[in-house]
Every structure is written in C-alpha cells, then in structure tokens.
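Hello,

Here is the structure I promised to pass on. Please open it and keep it beside this note while you read.

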Amino acid sequence: MLSSKTTGWMLIMGLVAVITVSVAISIQGQDGTVAEMVAWAAENKDTWQIVVPVNMVANVLLVIFTIGFISWAQSIDQSGGAISIGKYLALLALVLIWVGDISQGAGFEAAENNADAAHSLIGLCRNLTWIGISTLLGSFFVVGMTAYIKKVGTPVLNVLLGLIGLVGCIGSFVPGDIGPLFWTAGFAFGMIIMAIVGVQKVRS
C-alpha cells in the first residue's frame, strides 16, 4: 500500500487532469455535434495535433489518480465487497476513457480523407467518455459512502463525494442536453472533493 502522502499527491492529480482537459477544450474551441467535429478536424490539423497530446497528458494524470484512488479505497476497507466494486469500477472507467480518447485521436486523423470512419470513431469516443465518467461517478458513490459508513476520514467530504457520484451517475442518463451537464459537473466536483482529501493526506 502507498504511503499517505503519496496517495494524497496522486488524488490531487485528478483535479490537475480536469484542468488539463479544460485547457485541451479551450485550445480546440469546438465541441459541437459529431459531424461538426469531423468537419473541424479536417480543416484544423495543426490544432488537433496539439489537442490530442494534451488530452493524453490528462489521461496519464488520470492513471496516477486512479492508482491513488484505489490506494485510498483500500485504506478504508481492504477486504470489503463494496470497496472491491468501487475499485473495479474505477479501473473500468479508466480503460473506457483511454479507449475513447484514442478513438478520438484516430477520428481526427481520419477526418481529412475518410469522413465516415472519422464520424464513427469520434462518436465512439463520445459514448465511451460518457460511460467511462458515469462509471467513475458510480465508483465515487460506492467508495464515498463506504468511507462514511466505516467512519474513515472527514464525514462531510465522504457524503459529498457519495452524493456527487450518485447524482452525477444517475443524471448522466437523463435524455437531452441536460444529461451531459450532470456527468461533466459531477466529474469536476468529484475531483475537487478528491483533491481536498488528497491535501488532507499530504498534510497528515
């Protein structure tokens, strides 16, 4: 098991990943429909060649965060079934998000010469990102509430993490434009809570 300070720094990396993704989105300057993204990628090769590496940096940070998150979860309850579910959900989320971003990069690459393939790949990215982050929010709910029940750490933060995970995960399945607001906001706020937990562990 990782030390408390190492785990804390790794948890903080989740918020750094969110900031890095925000930078990539601001550089991209386009987040419309899949068809609009394909057209944008075909005309802005120089820009997406910057966006893709920035996203990959965010994904590496997310790997670091996930390792720290699993270490934190194990410190709550090493043998509990709920914690095991939470850990596996976090790992599944990581895989889905990585595959999604790799698909997006491939879609951008194909956009100029094969719009149909690019459309499929970018569409796959969006679906995998949505499912991946929703899965991570489910993990936040399971681990946060388990930490609260086990009376580990700060109760308010644990409850907030659990509620953010629950609302974000369920809300992500709401039809229409409001659904993405739930999982994007839940992802950001969940990482803020995890960063606060991380700071507490670094200082302990």
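T129 counts as buried, because its relative accessibility is 17% and the cut-off for buried is under 20%. Keep in mind that this is a predicted model. T129 sits in helix α5. Find L96 as well. T129 and L96 are 33 residues apart along the chain, yet their C-alpha atoms are separated by 6.6 Å.

T129 also leads us to the largest pocket. T129 is among the lining residues that lie nearest the centre of that pocket. The others named there are I25, I133, W183 and T184. In total, 32 residues line the largest pocket. Its volume is about 880 Å³.

Which elements give two or more residues to that lining? They are α1 (4–28), α3, α4, α5 (115–149) and α7 (178–203). The most comes from α1, which gives 7 residues. Sorted by class, the lining of the largest pocket has 18 nonpolar, 11 polar and 3 charged residues. As for the idea behind such a search, rolling a probe the size of a water molecule over the atoms shows where empty space is left.

Now look at two of those helices together. Helix α3 covers residues 45–76, and helix α4 covers residues 81–110. Their axes come within 10 Å and cross at roughly 175 degrees. That makes α3 roughly antiparallel to α4, since angles over 145 degrees count as roughly antiparallel. The residues of this contact divide into 18 nonpolar, 7 polar and 3 charged.

Stay on α3 for a moment. I70 is found in this helix. I70 counts as buried, because its relative accessibility is 15%. Compare its position with that of M145. The two are 75 residues apart in sequence and 15 Å apart in space, C-alpha to C-alpha.

Next, go to S22, which lies in helix α1. Is S22 buried or exposed? S22 is partly exposed, because its relative accessible area is 42% and partly exposed covers the range between 20% and 50%. S22 and V54 are 32 residues apart in sequence. In space, their C-alpha atoms are 9.8 Å apart.

K151 is worth a stop too. K151 lies in the loop between α5 and α6 (155–171). K151 has a positive phi of about 60 degrees although it is not a glycine. K151 is exposed, because its relative accessible area is 75% and exposed means over 50%.

Last, the cysteines. How many disulfides does the structure hold? The count is 0. Why is C125 not bonded to C169? The closest cysteine sulfur to that of C125 is in C169, and it is 19 Å away, so it is too far for a bond. A disulfide needs the two sulfur atoms within 2.5 Å. Seen from the other side, C169 is in no disulfide, and its nearest cysteine sulfur is that of C125. C125 is also buried, with a relative accessible area of 4%.

If you have time for one exercise, start at T129 in helix α5. Then find I25, I133, W183 and T184, which are also named as nearest the centre of the largest pocket.

Best wishes

Notes: Residues numbered from 1 in each chain as written. Predicted model: local features only at pLDDT ≥ 70, side-chain atom pairs only at ≥ 80, totals over all residues. Heavy atoms only, no water. Axes fitted to C-alpha atoms, helices over the stretch in contact; angles between N-to-C directions. Helix = DSSP H or I, 4+ residues; strand = E, 2+ residues; numbered from the N terminus. Parallel < 35°, antiparallel > 145°, perpendicular 65-115°, else oblique. Nonpolar A, V, L, I, M, F, W, Y, C, P; charged D, E, K, R; others polar. 1 Å grid on protein atoms, 1.4 Å probe; cavity = no way out; pocket = protein on both sides within 12 Å on 5 of 7 lines; lining within 4 Å. Points joined across faces, edges and corners; volume = space filled by probe spheres on them. Buried < 20%, exposed > 50% of the residue type's maximum accessible area, 1.4 Å probe, protein only.
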